[in-house]
Amino acid sequence: MKMTPLITSAVMHFGEMGSRWGFNRTVGQILALIVLNEEPISAQEISDALNISRGNTSMGLKELQSWRLVKQHLVPGERKEFFIPAGDIWTLANRVFEERRKREIDPTMSLLRDLLLDAPANEKEANAQHKLNEIHDLLESITAWSQELQNLGPEKLNTLMKLGSGVGRMLELKDKLLPGKNSVN
């Protein structure tokens, strides 16, 4: 499989971004190649296009399957394994958010809950617990908010994003019209 310059550029960039999304460079490149390909793509074609070993390709595909970002696709008359994205771009983005929450936020929330259950041994620990409680509450709010956004669906979320700063201006107007009813700043 020969990649065009545009596809090569995108695939290389996805590789660089992969580490920020929670997986390595090669896995990011494999994902981009599968997403940008119009047809199902075989593991061998992925290996050849990215100039990586079949073993590395296989491990990358397994990781992407564990993230539920790609799935196997049967091509009639072919014995090779082919792969396609496991949904549209919206679905894939939601799955990345979901997996990152499971791998990063959930363990942090669990630790924070455990630490907050312990009785503080002194004033220093009591102050630390107060700050940890603030972190816990913030993460809990962000998690609930992001879940609500994910549940909106792409059309409603797009509308919400187009509202942009208008929402902020409405909240400022509310604060001016209803002094003393301000939210926490």
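These legends accompany close-up views of a predicted model.

**View 1. Confidence along the chain of the predicted model.** The average pLDDT of the chain is 90. A score of at least 70 is reached by 97% of the residues. Confidence peaks in strand β3, residues 82-85, with a mean of 98. Helix α8, residues 165-177, has the lowest mean, 80.

**View 2. Ser42 in strand β1.** The strand spans residues 41-42. Ser42 has a relative accessible area of 1%. That value is under 20%, so Ser42 counts as buried. Beyond its sequence neighbours up to four places away, Ser42 touches Lys80, Glu81 and Phe82.

**View 3. Met3 in the segment before α1.** Helix α1 covers residues 5-21. Met3 is buried, at 13% relative accessibility. Neighbours within four places in sequence aside, Met3 is in contact with Thr8, Val11, Leu33, Ala49 and Leu50. Arg79 lies 76 residues from Met3 along the chain. The C-alpha atoms of Met3 and Arg79 are 24 Å apart.

**View 4. Salt bridges of Glu99 in helix α5.** The helix runs over residues 89-117. Glu99 pairs with Lys102 in a salt bridge, with 3.4 Å between the closest N and O atoms. These two residues are three apart in the helix, about one turn. Glu99 also forms a salt bridge with Arg103, where the closest N and O atoms are again 3.4 Å apart. Arg103 and Glu99 are four residues apart, about one turn of helix α5. Glu99 is buried, with a relative accessible area of 7%. Lys102 is partly exposed at 38%, and Arg103 is partly exposed at 42%.

**View 5. Other salt bridges in the model.** The whole structure holds six salt bridges. One of them joins Asp175 to Lys174, with the closest N and O atoms 3.1 Å apart. Asp175 is partly exposed, at 25% relative accessible area. Lys174 is partly exposed too, at 26%. Elsewhere, salt bridges link Glu98, Arg101 and Asp106 in a network.

**View 6. A nonpolar patch on the surface.** Leu152, Leu160, Leu163, Val167 and Leu171 make up this patch of about 390 Å². Helices α7 (154-163) and α8 each supply at least two of its residues. Leu160 belongs to helix α7. Leu160 has a relative accessibility of 33%. This lies between 20% and 50%, so Leu160 counts as partly exposed.

Technical notes:
Residues numbered from 1 in each chain as written. Predicted model: local features only at pLDDT ≥ 70, side-chain atom pairs only at ≥ 80, totals over all residues. Heavy atoms only, no water. Buried < 20%, exposed > 50% of the residue type's maximum accessible area, 1.4 Å probe, protein only. Contact = heavy atoms within 4.5 Å. pLDDT = per-residue confidence, 0-100. Patch = residues over 30% accessible without salt bridge, like charges linked within 9 Å, V, L, I, M, F, W, Y side chains within 5 Å. Areas by Shrake-Rupley, 256 points an atom, 1.4 Å probe, with all protein chains shown as cover. Salt bridge = Lys/Arg side-chain N within 4 Å of Asp/Glu carboxyl O.
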